[in-house]
Amino acid sequence: MPKIQIKKNDQVFVLTGKDRGKTGKVLKIFTHTNRAIVEGLNFINKHTRPNPQKQVKGGILPKESPIHVSNLMVVCKRCNKHARVGYSHMPDGRKVRICKNCNELLDE
Ligand SMILES: [Zn+2]
């Protein structure tokens with residue numbers, strides 16, 4: 001199974017689908033399904049039933065739905081492009097992600 005290269009709070013670029021070409025921030029990753037929720041993107045209309053006891057009004061509620069990570073690429077802050085991700089080892093042994101365009105670190 002390929003390792004997920006995207007992390008929470010990354011800026012990501014959408015490669016396919018109706019939000020193709022847009023960028024957004026990753027809010028949540030579902031590692032078991034390889035999907036990510038991206039802020040403001042891939043809205044679906046979720047139909048909710050009214051529940052007066054919980055003061056929930058029925059209707060259609062737009063909600064972000066998860067996008068498969070293979071359709072997302074991390075956006076590099078330095079070169080401002082969606083980047084192929086490489087890996088590098090820090091002197092302290094940590095493995096960090098780097099942008100393959102400009103070699104900028106993608107992790108703090
Ligand atoms: Zn870069």
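# Exercises on a predicted zinc-binding model

Five strands form an open sheet in the order β6-β3-β2-β1-β7, and their pairing is antiparallel. The structure is a predicted model, and the exercises below treat its sheet, its metal site, its salt bridges and its backbone angles.

## Exercise 1. The sheet

Determine which strands stand at the edges of the five-stranded sheet, and describe the pairings inside it.

Solution.

Step 1. Read the ends of the strand order β6-β3-β2-β1-β7. The edge strands are β6 (67-68) and β7 (72-74); each has a single partner strand, so one side of each lacks a neighbour in the sheet.

Step 2. Take the pair of β1 and β2. Strand β1 covers residues 11-14 and strand β2 residues 23-30, and three bridges join them in the antiparallel sense. Within this pairing, V12 lies opposite G24 of β2.

Step 3. Continue from β2 to β3. Strand β3 (residues 35-38) is antiparallel to β2, with four bridges between them. Here V26 faces V38 of β3. The hairpin of β2 and β3 has four residues between its strands, and N34 in this hairpin adopts a positive phi near 60 degrees.

Step 4. Finish at the β6 edge. Strands β3 and β6 run antiparallel and are joined by two bridges. R35 has H68 in β6 as its bridge partner.

## Exercise 2. The zinc site

Identify the donor atoms of the zinc ion, assign the geometry of the site, and state where C79 and C99 lie.

Solution.

Step 1. List the donors. The SG atoms of C76, C79, C99 and C102 coordinate the zinc ion at 2.2 to 2.3 Å.

Step 2. Test the angles. Four donors count as tetrahedral if all angles lie between 85 and 135 degrees. The four donor atoms of the zinc ion give angles of 105 to 119 degrees, and the site is tetrahedral.

Step 3. Place the donors along the chain. Their spacing is C-x2-C-x19-C-x2-C. C79 and C99 link distant parts of the chain: C79 belongs to the loop between β7 and β8 (85-89), C99 belongs to strand β9 (residues 95-99), and 20 residues separate them.

Step 4. Compare their accessibility. C79 is partly exposed, at a relative accessible area of 24%, whereas C99 is buried, at 0%.

## Exercise 3. The salt-bridge network

Trace the network of salt bridges that contains K7, and classify its members as buried, partly exposed or exposed.

Solution.

Step 1. Set the context. The whole structure contains six salt bridges. Side chains of opposite charge can pair when their charged atoms come close.

Step 2. Start from K7. The side chain of K7 forms a salt bridge with that of D107, at 3.6 Å from N to O. Because K7 is in the segment before β1 and D107 in the segment after β9, this pair ties together parts that are 100 residues apart in sequence.

Step 3. Move from D107 to R97. In the salt bridge of R97 and D107, the closest N and O atoms are 2.9 Å apart. R97 lies in strand β9 and D107 in the segment after β9, so the pair ties together parts that are 10 residues apart in sequence.

Step 4. Move from R97 to D10. The closest N and O atoms of the salt bridge between D10 and R97 are 2.8 Å apart. D10 is in the segment before β1 and R97 in strand β9, so parts that are 87 residues apart in sequence are tied together.

Step 5. Assemble the result. K7, D10, R97 and D107 are linked in a network of salt bridges.

Step 6. Classify the members. Buried means under 20% relative accessible area. D107 at 15% is buried, as are D10 at 9% and R97 at 3%. K7 is partly exposed at 41%.

## Exercise 4. Positive phi angles

Locate Q55 and N80, and decide whether each is buried or exposed.

Solution.

Step 1. Consider Q55. Although Q55 is not a glycine, its phi is positive, at about 55 degrees. Q55 occurs in the loop between β4 (43-48) and β5 (59-64), and its relative accessibility of 75% makes Q55 exposed.

Step 2. Consider N80. This residue is likewise not a glycine, and the phi of N80 is positive, at about 60 degrees. N80 sits in the loop between β7 and β8 and is exposed, with a relative accessible area of 63%.

Key. Residues are numbered from 1 along each chain as its sequence is written. This is a predicted model: local features need pLDDT of at least 70, side-chain atom pairs count only at pLDDT 80 or more; totals for chains, interfaces and linings use all residues. Side-chain values use heavy atoms; hydrogens and water are left out. Two strands pair if DSSP finds at least two bridges between them. Donors are N, O and S atoms within 2.8 Å of the metal (3.2 Å for Na, K and Ca); water is not among the atoms, so sites may look incomplete. Four donors count as tetrahedral if all angles lie between 85 and 135 degrees; four count as square planar and six as octahedral if opposite donors are over 155 degrees apart and all others between 65 and 115; anything else is irregular. Buried means under 20% relative accessible area, exposed over 50%, partly exposed in between (1.4 Å probe, protein chains only). A salt bridge is a side-chain nitrogen of Lys or Arg within 4 Å of a carboxyl oxygen of Asp or Glu.
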